[in-house]
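Here is a quick tour of one structure, written for someone who likes to check contacts by eye. Have a look at the model before reading on.

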Amino acid sequence: RALEINPNMPEALCIKARYLEEEGKREEAEQRIRTALQIGPDSWEVNREAGRLFFRHGQIPEAIPFFEKAASLMDTDYSNPGLLMSCYYSIHDREGVRRAAKTCLERAERAIAKEPTNGPALAMGANALSLFGEKDRAREWINRALLLDPDNLSMRYNLACSLALELEDPEGALDALQPYFERVQSRTHIRHLEADPDFNSIRDHPRFKKMFEAAKERLGMELASD
């Protein structure tokens with residue numbers, strides 16, 4: 001309805017793109033995102049969605065500039081710096097990883113200072129801490145996040161990234177992911193996980209494969225046009 005009123009509303013185009021991608025209409029979704037970028041190149045929402053779309057399609061180098069732009073547009077945003085950590089890590093850019101982790105940690109710490117029960121900020125901050133080698137502190141934040149907000153699926157996803165990557169705890173990562181796989185309702189979220197290089201170390205684990213395939217079957221993804 002928003003697009004009927006104003007077909008050039010970039011944020012509405014992003015939401016439409018998300019629905020199209022959920023339906024497996026990748027090319028149409030990408031077309032909407034590119035149109036949104038032309039109309040609103042300085043929109044935080046548009047750059048975030050563009051980065052995520054390219055990330056899910058395995059086009060990580062193409063995703064980086066959009067995550068960088070989104071992170072620069074909002075100084076309270078720790079999510080996009082968190083995604084940049086994954087991107088730079090996957091292309092072996094250690095300086096990029098360190099820069100993104102520094103931004104992510106600083107912003108997560110500010111968010112937690114204002115709201116000590118902020119589970120998503122704790123999860124992203126734990127990821128940054130692990131990349132700085134502060135593994136004990138990262139685990140403290142992980143345990144705190146799980147205690148405070150155990151039902152938050154996106155938080156569990158990000159905790160699993162830390163556990164699977166620098167903390168080298170595959171069973172811990174799988175424990176964090178189990179409720180995610182059992183309850184996630186979005187095909188797009190499963191596609192994001194499927195493309196996420198943070199999980200490469202556990203992707204061949206029998207337990208991961210079993211949970212992943214069960215989630216895809218539950219969501220009817222074997223029948224979807226991917």
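What follows covers the pocket, the aromatic contacts and the cysteines.

## The model and its main pocket

Keep in mind that this is a predicted model. Its largest pocket holds about 690 Å³ of space. A total of 29 residues line that pocket, and the ones closest to its centre are Arg52, Ser79, Ser154, Asn158 and His189.

Where does the lining come from? Helices H2 (10-22), H4 (44-56), H6 (79-90), H8 (119-131), H10 and H12 each chip in with at least two residues. Sorted by class, the lining of the largest pocket comes out as 9 nonpolar, 11 polar and 9 charged residues.

## Aromatic pairs

How many aromatic pairs does the structure hold? The count is 9. One of them joins Tyr157 and Phe199 edge-to-face, with 5.2 Å centre to centre and 90° between the planes. This pair ties together distant parts of the chain, since Tyr157 belongs to helix H10 (residues 153-164) while Phe199 sits in the loop between helix H12 (187-195) and helix H13 (206-218), 42 residues apart. Tyr157 and Phe199 are both buried.

Phe199 also pairs with Phe208: the ring centres are 6.5 Å apart and the planes meet at 35°, so this pair counts as tilted. Phe208 is buried, as is Phe199. Zoom out a bit and ring pairs connect Tyr157, Tyr180, Phe181, Phe199, Phe208 and Phe212 into a cluster.

## A charge over a ring

There's a cation-and-ring style contact to look up too: the charged end of Arg99 sits over the ring of Tyr88, 5.5 Å from the ring centre.

## Cysteines without a partner

A disulfide is a covalent bond between the sulfur atoms of two cysteines. How many disulfides does the model have? The tally is 0, with the cut-off for the sulfur pair set at 2.5 Å.

Why does Cys87 not form one? Its closest cysteine sulfur belongs to Cys161 and lies 11 Å away, which is too far for a bond. Cys104 runs into the matching problem, because the closest cysteine sulfur, in Cys161, is 11 Å from its own. As for exposure, Cys87 is buried with a relative accessible area of 0%, and Cys104 also counts as buried, at 0% relative accessibility.

Terms used. Residues numbered from 1 in each chain as written. Predicted model: local features only at pLDDT ≥ 70, side-chain atom pairs only at ≥ 80, totals over all residues. Heavy atoms only, no water. Buried < 20%, exposed > 50% of the residue type's maximum accessible area, 1.4 Å probe, protein only. Phe/Tyr/Trp six-rings, centres within 6.5 Å; stacked < 30°, edge-to-face > 60°. Helix = DSSP H or I, 4+ residues; strand = E, 2+ residues; numbered from the N terminus. Lys NZ or Arg CZ within 6 Å of the ring centre and 35° of its normal. 1 Å grid on protein atoms, 1.4 Å probe; cavity = no way out; pocket = protein on both sides within 12 Å on 5 of 7 lines; lining within 4 Å. Points joined across faces, edges and corners; volume = space filled by probe spheres on them. Nonpolar A, V, L, I, M, F, W, Y, C, P; charged D, E, K, R; others polar.
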